[in-house]
Amino acid sequence: MKFNTAEYKLSIFTEDICEDCQTLKEILKENNIPFTNLSITTKVDSEKQKKINANNRWDFIDAERDTNDGLNWFTPVMIIESSDGNVLHIPSVQDEVNCDEGNCVNDMTSENVLKALTPYLN
């Protein structure tokens, strides 16, 4: 199965020092799932990149606040944008939360990531 790029776009909020972020990127690459990385790390060398990442960080904060799903988000967060403009966030959570329905990922494994992405695969 492949990610349905005709209908959906995948982006991810990540931090440079986050092990789960690195794991997610590896899982996506191993499964040939295209994504856009939106780093929220503000301690970077380039002033231009620092500004971009700071804007991404505000987008992350706004999305967590606006989604109001009751979960405490951690990076990485997968963002699914549909061709009709709908946006869904699939956060990483570190609490004992039931993510069986794919609404979050609390253990960054290939099985859990692909389960969360199943509706967007064809």
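Buried here means under 20% relative accessible area, exposed means over 50%, and partly exposed is what falls in between (1.4 Å probe, protein chains only). By that yardstick phenylalanine 13 is buried, at a relative accessible area of 3%. This is a predicted model, where local features need pLDDT of at least 70 and side-chain atom pairs count only at pLDDT 80 or more, while totals for chains, interfaces and linings use all residues. Residues are numbered from 1 along each chain as its sequence is written, and side-chain values use heavy atoms, with hydrogens and water left out. Helices (H or I, at least four residues) and strands (E, at least two) are DSSP runs, numbered from the N terminus.

**The sheet**

- The sheet is an open one of 4 strands, in the order β2-β1-β3-β4, with mixed pairing; two strands pair if DSSP finds at least two bridges between them.
- β2 (36-39) and β4 sit at the edges with a single partner strand each, so one side of each has no neighbour in the sheet.
- From one strand to the next, the twist averages 20 degrees (axes are lines fitted to C-alpha atoms, for helices over the stretch in contact, and angles run from 0 to 180 degrees between N-to-C directions).
- As general background, strands of a sheet pair through backbone hydrogen bonds, either parallel or antiparallel.
- β3 and β4 run antiparallel, joined by 6 bridges.
- Across that pairing, valine 77 is opposite proline 91 in β4, and glutamate 81 is opposite valine 87 in β4.

**The β3-β4 turn**

- β3 and β4 make a hairpin with 4 residues between them, and glycine 85 in the turn has a positive phi of about 95 degrees.
- Asparagine 86 belongs to the loop between β3 and β4 and is exposed, at 51% relative accessible area.
- Leaving out residues up to four places away in sequence, asparagine 86 touches Ile80 and Glu81; contact means heavy atoms within 4.5 Å.
- The side chains of asparagine 86 and aspartate 84 share a polar contact of 3.3 Å. That term covers a pair of N or O atoms within 3.5 Å; within protein, one must be able to donate a hydrogen and the other to accept it, and residues adjacent in sequence count only if both atoms are side-chain atoms.
- Asparagine 86 and threonine 14 are 72 residues apart along the chain, and their C-alpha atoms are separated by 21 Å.

**Two serines in the strands**

- Serine 11 lies in strand β1 and is buried, with a relative accessible area of 3%.
- Not counting neighbours within four places in sequence, serine 11 is in contact with Thr36, Leu38, Val77, Met78, Ile79 and Glu81.
- Serine 82 is in strand β3 and also counts as buried, with a relative accessible area of 17%.
- With residues up to four places away in sequence set aside, serine 82 touches Glu7 and Tyr8.

**Aromatic pairs**

- There are 3 aromatic pairs in the structure. Rings of Phe, Tyr and Trp (its six-membered ring) pair if their centres lie within 6.5 Å; planes under 30 degrees apart count as stacked, over 60 as edge-to-face and the rest as tilted.
- One of them has the rings of phenylalanine 13 and phenylalanine 60 with centres 5.5 Å apart and planes at 85 degrees, so this pair is edge-to-face.
- Phenylalanine 13 is in strand β1 and phenylalanine 60 is in helix α2 (residues 47-67), so the pair ties together parts 47 residues apart in sequence.
- Phenylalanine 60 is buried too, at 9% relative accessibility.
- Phenylalanine 60 also pairs edge-to-face with tryptophan 73, at 6.0 Å centre to centre and 65 degrees between the planes.
- That second pair links helix α2, home of phenylalanine 60, to the loop between α2 and β3, where tryptophan 73 sits 13 residues apart from it.
- Tryptophan 73 is buried, as is phenylalanine 60, and ring pairs link Phe13, Phe60 and Trp73 into a cluster.

**Helix α3**

- Val113, Ala116 and Leu117 are buried in helix α3 (residues 110-117).
- Seen down the axis of α3, its buried residues fall within an arc of 95 degrees, so they line one face of the helix; the arc is that of the directions from the helix axis to the C-beta atoms.
- Cover for the buried residues of α3 includes β1 (8-14), α1 (19-30), β3 (74-82) and β4 (87-92).
- Lysine 115, also in helix α3, is partly exposed, with a relative accessible area of 41%.
- The C-alpha atoms of lysine 115 and glutamate 101 are separated by 8.3 Å, with their positions 14 residues apart along the chain.
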